[in-house]
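User: I have a structure open and would like to go through it step by step. Could we begin with one side chain and its partners?
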Amino acid sequence: MRTELVIIDSARKRGYVDDDLLHVIANAIRVIVQSDGMTMYVGPDRAGRIMEVGTIERSGREIVAHAMRPARPKYLAEQPRRSRR
């Protein structure tokens, strides 16, 4: 079961719309759990452009706190896939 998703303003600061951010999470081609507690989802937005979306967990909610397009090379490089789901 997925925790509640909450999108905060820092994820929208570059003008991204919520539907694109949620699409990346739902259709991620790579999920990277970082040592700082952020989980990075790399996948397509609704137009098929690859972007990165970062979430953190707080009080049983998954908070979308970061988004960037295009996804940076460090998240596109082949690395082991780890998932919390």
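Analyst: Certainly. This is a predicted model. In it, the side chain of glutamate 62 makes a polar contact of 2.8 Å with the side chain of threonine 55.

User: Which other side chain does a polar contact of 2.8 Å join to glutamate 62?
Analyst: That partner is tyrosine 41, also through its side chain.

User: Where is glutamate 62 found, and is it buried or exposed?
Analyst: Glutamate 62 is found in strand S5, which covers residues 61-68. Its relative accessibility is 0%, so it counts as buried.

User: New topic: what is in the largest nonpolar core?
Analyst: The largest nonpolar core has twelve residues, among them Tyr41, Met51, Val53, Val64 and Ala67. Helix H2 (18-26), strand S4 (50-58) and S5 each give two or more residues to this core.

User: Which element gives the most?
Analyst: H2 does, with three residues.

User: Which residues of H2 are buried?
Analyst: In H2, Asp20, Leu21, Val24 and Ile25 are buried. These residues lie on the same side of H2, because they cover an arc of only 140° around the axis.

User: What do they pack against?
Analyst: The buried residues of H2 pack against strand S1 (4-7), helix H1 (9-12), strand S3 (39-44), S4 and S5.

User: Back to the core: what is methionine 51 in contact with, beyond its neighbours within four places in sequence?
Analyst: Leaving those neighbours aside, the contacts of methionine 51 include Tyr16, Leu21, Val24, Tyr41 and Ala67. There is also a second, separate core of nine residues, which includes Met38, Ile63, Ala65 and Tyr75.

Note on methods:
Residues numbered from 1 in each chain as written. Predicted model: local features only at pLDDT ≥ 70, side-chain atom pairs only at ≥ 80, totals over all residues. Heavy atoms only, no water. Helix = DSSP H or I, 4+ residues; strand = E, 2+ residues; numbered from the N terminus. Buried < 20%, exposed > 50% of the residue type's maximum accessible area, 1.4 Å probe, protein only. Polar contact = N/O pair within 3.5 Å; in protein donor to acceptor, adjacent residues only side chain to side chain. Core = buried A, V, L, I, M, F, W, Y, C linked by side-chain atoms within 4.5 Å. Contact = heavy atoms within 4.5 Å. Arc of directions from axis to C-beta.
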